[in-house]
Amino acid sequence: MDLRKRWIPDYQLDVSFEHPVESRPAVTWRCQRCGKLPTRGPCTCGRRCYYCRHCLMFGKLRTCDHLVTDPRPLDPVRPDRHSELHLTVDQQRIADAITQTIEQRKRLLVHAVCGAGKTPMLFPGIERALCSNKRVLITTPRADVVRELTGHLKRAFQQADIVSLFGGSPDRLKLGEITISTTHQLVHYRTCFDVVFIDEVDAFPYQADRTLHRYVRQAMSPDAALILLSATPSVRNRLLPTVRLMRRYHGFPLPVPELRVPYTTNDVLHWLQQHPAKPRLVFVPRVEALKTWQGVLEQQGLASETVHAADPDRVQKVERFRRTTGILLTTTILERGVTLPDVQVAVLDADQSFSVAALIQISGRVGRSADFPEGEILFFANDRSNAMYQAVHQIKRANREGFQ
Amino acid sequence: MKCLLCDQDFLPSWALSNVWTRQTLCPTCKIEFVKRGECTDCGKPGQPFCLDCHNWRQQGELLVTHPLFLYHPPAKAFMRRYKFLGDTALLDVFQTELKKVKVKQDWIVPIPLSPERLRDRRFNQAELIGRMMRGRIRLVLERTDGPALSQLSRQQRLDRDNPFHVTESVAGKTILLVDDVYTTGITLRQAASRLREAGAKEISAVTLFRSV
């Protein structure tokens, strides 16, 4: 087990670990792993013992525990080149900006629309980082995005040591030359990454949870370059130096959502029956609505499947949906990270509890592949919310900016 | 107030009971525990006197146990977090229920952990439950045993030798045993028989959950 730049509780340490270790108390006035304030708890150690309730999932830390690490420095990074790449002129512009940021160790926000081809734009920057002995981290709040990115990068960088970290991954506590990780898993890492990409910065839970920001900051080395990637950045993130890419990689404009206000159940059924040969993705605002809509569709003889966040076989269901042409009812969990060719999307009750970012991301599911660059995206609503109109407005504005 | 599960601030309801109780979970995290069942001896749902207890009575091992709740999925999630992850502060969820338990016995005796297990876990979950109740807690039992109970089958559990022994004099005392989960009842009955051998007058038991 290699522990350099990683801190783990002493009771998780192998007995066979022969290298010298450096240790420090696990909980002082705050938890030394996650940084939150601890809670008093009973303990047989006999002292005033506190434990951290916030990072219990990674193993309980008490005042009487220690965190240990291996103080030796890390091995240098092996340089590696990415495989052949075809970037459009716009993508090349962004890739150059990223490379420059990495060289100058600065911060950058890449504001690129859904389906702009963000992943290949990172490759020149990653290559430059690897060649100048810098460790690369790509982090994102979503585990499914981690899985997808790992596949992309393994294909692009053949020799580099690529580690993919998410809850239950086999690479736990490893450190590669390129590390792809969910933000939660960074809790064990300290000052080891020189180039940090955060994909989908505005996704739940990263945007709301300040402890995750701390995990990322602790994992960065002091003069690391930080590059944020998003299609819908928050106002706060937009304060950073920004490069914008408002055009998809295949050069077609973003499909503009159509509003259906007001609507009846028959409108939805009619629309679903119009596209019998295509996969149809239907978003609903709440988990309870999944069951009711499934019942309504069944009465009309339309078979459908449902997915929500707490669904145990959600990954398999989406995989199955990729191969068939059916109807998938889902909550907002599928708003990002899924690419389905020729998918048609409807949002039911779009006025309820969908934010602007969510609606833009949902609209971005349509027409992502170059073979089917067009598709329908419909907002069904019985009331008008600002979010719906702002989403439509921002998509139209992005199209104007991309094609001027 | 802070919710114990999601750590978010929430506004407690304006019920008068807030004067003497403390709301620990916010409305969205509220865990719906299922109350105990009908069996008078062990709280199993179904009949007023269940088959297990009938068998126990035929063997002459009488022990009346009062579980508070049934061991349903929400209770299992609670136990996973409380006992196996070690989130001891979460026990506050049961503060009001445990305070309401009427303790007329002289001593509350929690079921002990084996020394090895206590070294790993560093707290005794049954003792914490006992300390929440209103009564005098005495640690008069000790345990020396082998494998973990949760890895044994029902028959293996019933065949096991008695791992408990009494360290103090309990002659003439009425005793309330406390444990976290009642599954077959073997643990509590073994402890009870040792206490009875040592001269305890009357023994009953309280557990947090009754597994179904």
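Hi everyone, let me start in the middle of chain A: strand β15 pairs with strand β16, residues 327-330, in the parallel sense, over four bridges. One of those pairings to look at on screen is A:Thr306, whose bridge partner in β16(A) is A:Leu329. Before I go on, please keep in mind that this is a predicted model.

So where does that pair sit? The two strands belong to an open sheet of six strands in chain A, with parallel pairing and the order β13-β18-β17-β14-β16-β15. Which strands are at the edges? Those are β13 (258-260) and β15 (304-307) of chain A, each pairing on one side only. Neighbouring strands in the sheet are turned by 20 degrees against each other on average, direction ignored. Packed on this sheet is helix α5 of chain A, residues 265-274, which touches β13, β14 (280-283), β16, β17 (344-347) and β18 (377-380). The direction of α5 makes about 165 degrees with that of β18(A).

Now some backbone details for those of you who like torsions. As a reminder, most residues other than glycine have a negative phi, and most peptide bonds are trans. Just before α5, in the loop that follows β13 of chain A, we find A:Pro262. The peptide bond from A:Val261 to A:Pro262 is cis, with omega near -10 degrees. A second cis bond joins A:Phe204 and A:Pro205, and here omega is about -5 degrees. A:Pro205 lies in the loop between β10 (193-199) and α4 (210-219) of chain A. Then there is A:Asp349, with a positive phi near 50 degrees. That residue lies in the loop between β17 and α8 (356-363) of chain A.

Since α8 has come up, let's look at its partner. The axes of α8(A) and helix α9 of chain A, residues 386-402, come within 8 Å and cross at roughly 50 degrees. That angle is why α8(A) counts as oblique to α9(A). The crossing is right-handed. On the α8(A) side the contact is made by A:Val356, A:Leu359, A:Ile360 and A:Ser363, while α9(A) brings residues including A:Ala387, A:Met388 and A:Ile395. By type, the residues of this contact are seven nonpolar, three polar and no charged.

Here is another helix pair to set beside that one. Helix α1 (residues 89-104) and helix α2 (residues 118-131) of chain A pack at an angle of about 30 degrees, with their axes 8 Å apart. Because of that angle, α1(A) is roughly parallel to α2(A). The crossing of α1(A) and α2(A) is right-handed. Among the residues that make the contact are A:Ile94, A:Ile98 and A:Ile102 of α1(A), and A:Met121, A:Leu122 and A:Arg128 of α2(A). The count for this contact is nine nonpolar, three polar and two charged.

Let's zoom out. How is chain A divided? There is domain 1 (1-73), domain 2 (89-245) and domain 3 (258-311 + 322-402). The C-alpha centres of domains 1 and 2 of chain A lie 27 Å apart. Their contact takes 11 residues from domain 1 and 10 residues from domain 2. The domain 1 side of that contact holds five nonpolar, two polar and four charged residues.

Finally, the chains themselves. How many residues does each chain bring to the contact between A and B? Chain B gives nine residues and chain A gives nine residues. On the chain B side these are five nonpolar, two polar and two charged. Thanks for listening, and I'm happy to rotate the view for anyone.

Methods
Residues are numbered from 1 along each chain as its sequence is written. Chains are lettered from A and ligands numbered from 1 in the order in which they are written. This is a predicted model: local features need pLDDT of at least 70, side-chain atom pairs count only at pLDDT 80 or more; totals for chains, interfaces and linings use all residues. Two residues are in contact if their C-beta atoms, placed from the backbone, lie within 7 Å. Ala, Val, Leu, Ile, Met, Phe, Trp, Tyr, Cys and Pro count as nonpolar, Asp, Glu, Lys and Arg as charged, and the others, Gly among them, as polar. Two strands pair if DSSP finds at least two bridges between them. Axes are lines fitted to C-alpha atoms, for helices over the stretch in contact, and angles run from 0 to 180 degrees between N-to-C directions. Angles under 35 degrees count as roughly parallel, over 145 as roughly antiparallel, 65 to 115 as roughly perpendicular and the rest as oblique. A crossing is left-handed if the near helix is turned anticlockwise from the far one by less than a right angle, and right-handed if clockwise. Domain bounds come from an automatic or database domain assignment.
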